[in-house]
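Me: Could you walk me through this protein model, one question at a time? I'm new to this, so please keep it simple.

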Amino acid sequence: MPNIKSQKDRVVQAKKEAMHNKAIKTSLKTVIKKADAAIDSNAADKDAVIRAAVSAIDSAKSKGVIHKNTASRKVSRMAKRNNKVNAAQ
């Protein structure tokens with residue numbers, strides 16, 4: 001445990017930030033799973049769900065929760081899977 005006041009404050013801030021980032025990551029995983037399920041089942045609202053997932057990924061990227069290359073990779077893979085399903089029809 002730190003003895004210096006500023007370091008005590010940083011411990012509190014780090015916990016708060018970690019909880020915030022974890023909440024964003026958890027919701028991001030949920031949205032991505034919903035998009036993957038919509039792609040697999042070829043749902044009617046598939047495009048809207050994918051747009052929401054891409055938006056959530058971009059939001060997490062802009063907040064610094066995930067790295068920009070990770071965000072780009074997730075969006076690219078989702079688009080690739082969607083295009084593959086669309087081409088099979």
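What follows is a short round of questions and answers on helices, packing and exposure.

Me: Before we start, what kind of model is this?
Reply: Residues are numbered from 1 along each chain as its sequence is written, and side-chain values use heavy atoms, with hydrogens and water left out. Local features need pLDDT of at least 70, side-chain atom pairs count only at pLDDT 80 or more, and totals for chains, interfaces and linings use all residues, as this is a predicted model.

Me: What span should helix 1 have, at 1.5 Å a residue?
Reply: Helices here are DSSP runs (H or I, at least four residues), numbered from the N terminus. The expected span is 1.5 Å times one less than the number of residues. Helix 1 has 37 residues, and its end C-alpha atoms are 54 Å apart, which agrees with the expected 54 Å.

Me: Which element gives the most residues to the largest nonpolar core?
Reply: A nonpolar core is a set of buried Ala, Val, Leu, Ile, Met, Phe, Trp, Tyr and Cys residues joined through side-chain atoms within 4.5 Å; buried means under 20% relative accessible area, exposed over 50%, partly exposed in between (1.4 Å probe, protein chains only). This core has 15 residues, and Leu28, Ile57, Ala60, Ile66 and Met78 touch the most other members. Helix 1 (5-41), helix 2 (46-62) and helix 3 each give two or more residues. With six residues, the top giver is helix 1.

Me: How do helix 2 and helix 3 run relative to each other, roughly parallel or roughly antiparallel?
Reply: Their axes, lines fitted to C-alpha atoms over the stretch in contact, are 9 Å apart and at an angle of about 170°. Angles run from 0 to 180 degrees between N-to-C directions; under 35 degrees counts as roughly parallel, over 145 as roughly antiparallel, 65 to 115 as roughly perpendicular and the rest as oblique. So helix 2 and helix 3 are roughly antiparallel.

Me: Which residues does Met78 touch, leaving out those up to four places away in sequence?
Reply: Contact means heavy atoms within 4.5 Å. Met78 is also among the helix 3 residues that make the contact with helix 2. The residues Met78 touches are Ile32, Ala35, Ile39, Ile50, Ala53 and Ile57.

Me: Is Gln89 buried or exposed?
Reply: Gln89 sits in the segment after helix 3 (68-88). Its C-alpha is 10.0 Å from that of Asn42, though the two are 47 residues apart in sequence. Because its relative accessibility is 64%, Gln89 counts as exposed.
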